[in-house]
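Please look over the sequence and the model below before reading on. The briefing takes up one helix, then the contact between two chains, and then the make-up of one chain.

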2 protein chains.
Amino acid sequence: MRYSNLFGKTLRDFPKDEVSVNAKYLLRAGFIDKLMAGSFTLLPLGFRVVEKIKQIIRDEMDATGANEMLMPLLHPKEIWNETGRWETAKGIMFQLKKDNKEYGLSFTHEEIVMDLIRKRTQSFKDFPIKIYHFSTKFRDEPRAKSGILRGREFIMKDLYSAHTSKEDMEKYYWEVAKAYIKTFKRMGLNAKIVEAAGGVFTDAHTHEFQVLCEQGEDTIYYCDSCDFAQNKEIFEGKGGKPCPKCKKGKIIEAKAIEVGNIFPLGTMYSEKMHFHFTDRNGSKKPVVLASYGIGPTRLLGTLVEVFHDDKGIIWPKSVAPYGAHLISINSNEKADSVYRALEKEGIEVLYDDRETGAGEKFADADLIGIPVRLVVSPKTENRIEYKERGSEKIELLPLEDVLKKLK
Amino acid sequence: MRYSNLFGKTLRDFPKDEVSVNAKYLLRAGFIDKLMAGSFTLLPLGFRVVEKIKQIIRDEMDATGANEMLMPLLHPKEIWNETGRWETAKGIMFQLKKDNKEYGLSFTHEEIVMDLIRKRTQSFKDFPIKIYHFSTKFRDEPRAKSGILRGREFIMKDLYSAHTSKEDMEKYYWEVAKAYIKTFKRMGLNAKIVEAAGGVFTDAHTHEFQVLCEQGEDTIYYCDSCDFAQNKEIFEGKGGKPCPKCKKGKIIEAKAIEVGNIFPLGTMYSEKMHFHFTDRNGSKKPVVLASYGIGPTRLLGTLVEVFHDDKGIIWPKSVAPYGAHLISINSNEKADSVYRALEKEGIEVLYDDRETGAGEKFADADLIGIPVRLVVSPKTENRIEYKERGSEKIELLPLEDVLKKLK
């Protein structure tokens, strides 16, 4: 992509009304634009990162045998009334009335998925069901200071699984937990599995995936020796004390960003919505539901919080919008041919072909944060300057070596 | 994909409350499910078709130099007020109020894209701009008898282009028109470019892409000799009369389905929203806007209306959910090995591995409409029965010939 053709160029200054690092950097570097509090456009650069994040999630969800699909966003009140959440979730849900019909906007999809399952299944043979979608969620959040970490409109991958027994649900629940850890690792993030409360979803304990980060909104308590970890909401104790589980380790208090959560919902939704499958013996039983969320747009922000320096973003390779950032300094003809050679080899390149000073181009490259910067100038002669974003080392390499490194 | 693992199996009967062919077939074959009037879940099969449709559209939009991105769906009233459409589009737009703030749901994005452009551009150097997204649209449509052809919630690809002159806009406008014709052709659809009125978008004439189909909601008048074609709303004349343009041909009246539309919007949005760019001479001028829509979910329905017989759907290869439908008749071990061989070669296969009678499997294959049916049974010995969905010819082929045909 030629930078001259890219919509959403870098801005000269940081936006004045943003306090979070992710919003400051993503807005200034041209990844997102703000429509209103908690609502952002994904500009072409940001869209590319989110698509790469989604593809990693999709791979790992498909590997568990889940089916991708897409459910609507505008829901009839009647279905939300079946569980009582039309009333209990009124604070978070956007609701509207038109021509005497009432609708709610998707803040989650448990009721809608349960309605779908009851229409499309009958007997135990139809289970287990594992279905997910990437869709828009609307939540009227009171806090909106964390940039794209907490949107009032955002993208979520939500997976729902329905089972004929608690045991079958629990087996898949922990399989998904493992897939989540792998998903985050592929983006360079080490997530901890943390016990938490179920909020408006369930009375049971649930599990969050938390990435340690000083800018996180959440406080977690974890053991420095075993896998014990709890969210502030449910932890009874203090940092510095011995671990209540292994008795050996020490409890650490830390700030963290929640990047995913999983909910062992049980039979509540099935019972309240009067759906019962027929088991092997012909009797009617409620299905056991679980739901599993990851927010790709929240991950976009989390990655910036975790991977940046004072010059800009430092994208992990797996989610970078492009593999290389090619800069021409008064050498557009030579740079054009390098650009064509890279594209021909299937390497994704952002090519800064503007008539702009070298200083501005270098500063923009650091701000945008593509993993490899390539410079072609009269000084580089028939070679290319190669530099990784996270390192200070600069090499002068022939084209074939650059291609080898980038493949 | 093993059919036993696929969510959304075929239903025994056609749904009773649907009159349109597309809704009957898509619901029964397991491509979609209905949440409420005009609102459908894309089940895994339907989701796959829509993703293929989207990829074809994406290819052709990218080829015009357009950038993909994603704009929000929940919009602040203030921006819609700038053009007066908060009031004039009240009938079609879902509007809501929460905590004293008013919002509209996206029925289109002109105002939102214009707000984005005014924040992110300044001078003539920043133009032309060509940006698009696939996003959800909400329209409170009074008619909802046409299945997925007219949803109250649906997916749309909307492209917006902004230019410094009318001439530059018109050049790109006709480039996109060509890209649209190519897009539809790649799905097996011959679309006519038909002049039409601009509705709530513009006072200018616009262009629709219409596919002839007896089940279409639209009536068009076209010349059987030249490229003259107009929508009923603006055509002044009758079918059977001589063509007002070429004077040679005869005007045909026909039913058609609108699969796309393009709008030469002009400077109205820029002027009403007080955005002016700086031109070469330092003076301020309004930008010339155009918008371009294609509905992937409407295409899903159109394809079924155009490509079906009394047994079910007949998908064109380019958008079929899978390339082959493999049926095992009492030969699961042999069929498993064929399935593995096909998957290894990268062929997308739906494998009916159920313990069900041959009759049901054949009927389901015809209903689902995948282009090639493969049967493995004790009778086929070490060969595979190969049959195309649109033909009656059955061949017995060795695996390597099947692979060659499917690649």
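**A helix with one buried face**

In this predicted model, helix α10 of chain B, which runs over residues 358-368, has as its buried residues Lys361(B), Asp364(B), Ala365(B) and Ile368(B). Viewed down the axis of α10(B), these buried residues fall within an arc of 100 degrees, and they therefore line one face of the helix.

*Surroundings of the helix*

- Among the elements that cover the buried residues of α10(B) are α1 (21-29), β18 (312-313), β19 (324-328), β20 (349-352) and β21 (372-376), which also belong to chain B.
- The helix α10(B) is followed by Gly369(B), a residue whose phi is positive, near 85 degrees.

*Contact between chains A and B*

- Chain B gives 36 residues to the contact, and chain A likewise gives 36 residues.
- On the side of chain B that touches chain A, the elements giving two or more residues are β1 (32-36), β2 (39-42), α2 (44-63), β3 (67-68), β4 (74-76), β5 (95-98), α5 (110-120) and β7 (129-138) of chain B.
- By residue type, that side of chain B consists of 22 nonpolar, 7 polar and 7 charged residues.

*Chain A as a whole*

- Chain A contains 11 helices and 23 strands, and its C-alpha trace spans about 80 × 60 × 45 Å along its principal axes.
- Of the 407 residues in chain A, 47% are buried.
- Among the contacts in chain A with a separation of 6 or more, 68% are between residues 24 or more positions apart.

Notes: Residues numbered from 1 in each chain as written. Chains lettered and ligands numbered in written order. Predicted model: local features only at pLDDT ≥ 70, side-chain atom pairs only at ≥ 80, totals over all residues. Contact = placed C-beta atoms within 7 Å. Helix = DSSP H or I, 4+ residues; strand = E, 2+ residues; numbered from the N terminus. Nonpolar A, V, L, I, M, F, W, Y, C, P; charged D, E, K, R; others polar. Buried ≥ 20, exposed ≤ 12 C-beta atoms within 10 Å, placed from the backbone. Arc of directions from axis to C-beta.
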